[in-house]
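Here is a short briefing on one protein model. It covers the sheet, one buried residue and a pair of helices.

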Amino acid sequence: MEDIWFATIGDEYTFHLDAVKMRKRVIAPYRHEGKPKDWSATADGNYRDTCPSNFWDDITIPFWSMAENTAHPTQKPEKLIAKIMLASSSEGDVVFDPFLGSGTTSVVAKKLHRHYFGIEIEPQYCVWAEQRLAMADENAEIQGYSGKIFWERNSLPEQKSGEKIKNSPVARNPQGTRDAMQSILLLQ
């Protein structure tokens, strides 16, 4: 287990909480006056979009069968880097990784429409990074991230269903941001 710290030296920083919410299945849905309270009903089940906790238990190492996997000994999962990047940067920002390794940071930056550059001295790792960046042109998916929202484990069928969420709490809340509304109303 590794620690990840978010620190800043001043009052000016970027932190997009809505960009890193997680969609979780609701086991015991609560209703208020017959309507879902803080959850949404879909054809695939009932879901709530939750803020991330201090412990991220939905991250897995890249398995051999995953497209993102390389032989790098300490490769980080794209989903982990995506959470950090979405929370702490905006589209079009520059992301720098001084220890690029097999290129996970650059690949995720490309998939999330950020500019990127990195440094790596190991030639084989550079080859893997270039291969992965080329593959990102063909497939911009990030495991566990679909429809601009992160999903809990074992929810791939729901992620791929393409169903629109009904009775969305954000749809009823005009104060919700445009991005949050899109992520809840549209499953891609």
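Axes are lines fitted to C-alpha atoms, for helices over the stretch in contact, and angles run from 0 to 180 degrees between N-to-C directions. The model is predicted. Its 5-strand open sheet has mixed pairing. Helix H1 packs on that sheet, and H1 also packs with helix H2.

**Sheet layout**

- The strand order is E4-E5-E1-E9-E8.
- E4 and E8 (145–146) are the edge strands, and each of them pairs on one side only.
- In general, strands of a sheet pair through backbone hydrogen bonds, either parallel or antiparallel.

**Strand pairs**

- E1 (residues 22–25) runs antiparallel to E5 (residues 45–50), and 4 bridges link the two.
- Within that pairing, Met 22 has Thr 50 of E5 as its bridge partner.
- E5 also pairs with E4 (residues 40–42), again in the antiparallel sense, over 3 bridges.
- Here Ser 40 has Tyr 47 of E5 as its bridge partner.
- The connection from E4 to E5 is a hairpin of 2 residues.
- At the other edge, E8 and E9 (residues 149–151) are antiparallel, with 2 bridges.
- Ser 146 is bridged to Ile 149 in E9.

**Asp 49, a buried residue in E5**

- Asp 49 belongs to strand E5.
- Is Asp 49 buried or exposed? Its relative accessibility is 19%, and the cut-off for buried is under 20%, so Asp 49 counts as buried.
- Its side chain has a polar contact of 2.7 Å with the side chain of Arg 23.

**Helix H1 on the sheet**

- H1 spans residues 78–88 and touches E1, E8 and E9.
- The direction of H1 makes about 145° with that of E9.

**H1 against H2**

- Two packed helices are described by the angle between their axes and the distance between the axes.
- For H1 and H2 (residues 104–111), the angle is about 60° and the axes are 9 Å apart.
- Why are H1 and H2 called oblique? Angles under 35 degrees count as roughly parallel, 65 to 115 as roughly perpendicular and over 145 as roughly antiparallel, with the rest oblique. The angle of about 60° therefore makes the two helices oblique to each other.
- The H1 and H2 crossing is right-handed.
- On the H1 side, the contacting residues are Glu 78, Ile 81, Ala 82 and Met 85.
- On the H2 side, they meet Thr 104, Thr 105, Val 107, Val 108, Ala 109 and Lys 111.

Conventions. Residues numbered from 1 in each chain as written. Predicted model: local features only at pLDDT ≥ 70, side-chain atom pairs only at ≥ 80, totals over all residues. Heavy atoms only, no water. Pairing = 2+ DSSP bridges. Buried < 20%, exposed > 50% of the residue type's maximum accessible area, 1.4 Å probe, protein only. Polar contact = N/O pair within 3.5 Å; in protein donor to acceptor, adjacent residues only side chain to side chain. Contact = heavy atoms within 4.5 Å. Left-handed = near helix turned anticlockwise from the far one by under 90°.
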